[in-house]
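Biologist: I would like a careful reading of one part of this model, set in the context of the whole chain. Please start from the overall picture and then work towards the detail.

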Amino acid sequence: MTGGAGYIGSHSVLALMEAGYDPIVLDDFSNSSKESISGIKKIYGAGPVVIEGDTGNSSLLMDIFSSYDVNSVLHFSGLKSVEESMADPLRYYSENVGSSLSLLRTMQEANIQTIIFSSSATVYDPESQVPYTENSPTNPINPYGHTKLCVEQILHGLASSNPEWKVGILRYFNPVGAHPSGHIGEDPKQKPNNLMPLVMQTAVGRMEKLLIYGDDYDTPDGTCIRDYIHVLDLARGHLSALTYLERHQGLHIWNLGTGKGTSVQELIDKAREVTGAVINTEITFRRLGDSPEAVADPKKAKSELSWHPEYSIGNMCADHWNWQRQNPDGYQ
Ligand SMILES: NC(=O)c1ccc[n+]([C@@H]2O[C@H](COP(=O)([O-])OP(=O)(O)OC[C@H]3O[C@@H](n4cnc5c(N)ncnc54)[C@H](O)[C@@H]3O)[C@@H](O)[C@H]2O)c1
């Protein structure tokens, strides 16, 4: 599991261990902390094998592939900030596409042909009609989204070149929440870009106020609508995809979202209700590239993977708050 110490990776490592798998985490800890591994141990009683290193290091990968009996790779590692990707696109292409290429080349050499890739709803054309199905037009509007689509296209090429490949592409919508124990959660090293960590950091007093980027969109309350999904539901999605790939070859794409839209204002109202905290807000200008609404159609994952998101927006806020309250400064 590349990037297995990160936010989504750590919750997925736990889900896999709970299901009886023996995951190996490869992480360079550039955007995570070893405390996430300690958190997994606290919850599960044991942790995964952890190897500190770079996904782009093919000799390290080959060492891992020859030392352990690896049959699948879950590829989480990469950079994930839309804003940063616009400021430094080359870093994003090199990290997200370059490292994925090394990984795939080394997997091919080692004859490991099952991979699950962390893609994103940012691959969709923001002008497409919502909800997005897996067949909705793609047209990412920032380098981050391009890197995700680029890796998807590489995976398409690979799967067409050799039918033995088993490829799962998971297009995540907006992952939020944390394990209810509060031992693992989202701990962005820089100022977060996503709404939920910003809401919770304002609630806990780390930030003075929360900026709302536009309240004049063509939505019922004027703020943007997104499809938030609990990270535990997402983690279970990986397990379901892995089980599916044990029985199916070829390339498969699944949206992982709930299919329910929540506006920025609704999320803030729910967070106020759940936390009881004062969350000061200020309306500011729209951000370039924000679409009014991005919601998944998750029917394909539901029918093919028998995967059903279980958590409500209230659960997502409560679990994220529980993590934030217990760890106001993150893992530090
Ligand atoms: N969180 C989201 O909102 C979201 C939404 C859609 C898709 N995704 C994708 O899901 C994946 C996981 O996201 P996350 O939120 O858990 O991010 P994260 O930053 O918490 O996790 C990524 C992990 O990868 C590690 N890493 C980064 N570069 C590495 C490298 N070269 N070698 C080894 N390890 C490296 C980091 O240290 C971190 O532990 C990413 O690919 C991201 O683009 C995330």
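In this predicted model, what percentage of the contacts in the protein chain with a separation of 6 or more is accounted for by residues 24 or more positions apart? Then please look closely at strand 4: how many of its 7 residues are buried, and which element does strand 4 join over 7 bridges?

Modeller: The model is a predicted one, and in it residues 24 or more positions apart account for 81% of the contacts in the protein chain with a separation of 6 or more. The protein chain is built from 11 helices and 13 strands. Its radius of gyration is 19 Å, close to the 20 Å that the globule rule gives for 332 residues, so the chain is as compact as a globular protein of that length. The C-alpha trace spans about 55 × 45 × 40 Å along its principal axes, and 47% of the 332 residues are buried.

Against that background, strand 4, residues 114-120, is mostly covered, since 6 of its 7 residues are buried, a label that requires 20 or more other C-beta atoms within 10 Å. Strand 4 has parallel partners in strand 3 and strand 5. Strand 3, residues 73-75, is joined to strand 4 by 3 bridges and runs parallel to it; here histidine 75 has phenylalanine 117 of strand 4 as its bridge partner. Strand 5, residues 166-172, is joined to strand 4 by 7 bridges, again in the parallel sense, and in this pairing serine 118 has leucine 170 as its bridge partner.

Serine 118 also leads to the ligand, because Ser118, together with Gly3, Gly6, Ser32 and Ser77, comes nearest among the 28 residues around the ligand, where nearness is judged from C-beta atoms within 6 Å. Strand 4 is one of the elements that give two or more residues to that shell, the others being helix 1 (7-18), strand 1 (24-27) and helix 5 (89-109). The largest share, 3 residues, comes from helix 1. By class, the shell has 15 polar residues, 8 nonpolar ones and 5 charged ones.

The loops that border strand 4 carry backbone features of their own. In the loop between helix 5 and strand 4 lies asparagine 111, which has a positive phi of about 65° although it is not a glycine; asparagine 111 is exposed, with 8 other C-beta atoms within 10 Å. In the loop between strand 4 and helix 6 (143-161) is proline 131, and the peptide bond that leads into it from valine 130 is cis, with omega near -5°. A positive phi in a residue other than glycine is also found at phenylalanine 29, where the value is near 55°. Phenylalanine 29 belongs to the loop between strand 1 and helix 2 (35-44), and it is partly exposed, with 16 other C-beta atoms within 10 Å.

The bridge partner of serine 118, leucine 170, offers a route from the sheet towards the core. Leaving aside its neighbours within four places in sequence, leucine 256 is in contact with Leu170, and its list of contacts also includes Arg171, Tyr172, Phe173, Ile229, Leu234, Gly237, Pro298 and Ala301. Leucine 256 is in turn one of the residues that touch the most other members of the largest nonpolar core, which holds 75 residues; Val199, Val231 and Leu267 are the others. Helix 8, residues 231-247, gives this core its largest share, 7 residues.

Val199, named among those core residues, is also a buried residue of helix 7. All of helix 7, residues 195-203, is buried, 9 of 9 residues, so it is largely enclosed by the rest of the structure. The cover over its buried residues includes strand 6 (174-176), strand 7 (210-213), helix 9 (264-275) and helix 11 (313-326). Just after helix 7, glycine 205 takes a positive phi of about 95°.

A further sheet can be set beside the pairings of strand 4. It is an open sheet of 3 strands in the order 11-8-13, with mixed pairing. Strand 11 (262-263) and strand 13 (293-294) stand at its edges with a single partner strand each, so one side of each is left without a neighbour in the sheet. Strand 8, residues 225-226, pairs with strand 11 in the antiparallel sense over 2 bridges, and arginine 226 stands opposite threonine 262 in strand 11.

Terms used: Residues numbered from 1 in each chain as written. Predicted model: local features only at pLDDT ≥ 70, side-chain atom pairs only at ≥ 80, totals over all residues. Helix = DSSP H or I, 4+ residues; strand = E, 2+ residues; numbered from the N terminus. Nonpolar A, V, L, I, M, F, W, Y, C, P; charged D, E, K, R; others polar. Core = buried A, V, L, I, M, F, W, Y, C linked by C-beta atoms within 7 Å. Buried ≥ 20, exposed ≤ 12 C-beta atoms within 10 Å, placed from the backbone. Contact = placed C-beta atoms within 7 Å. Rg over C-alpha atoms; globule rule 2.2 N^0.38 Å. Pairing = 2+ DSSP bridges.
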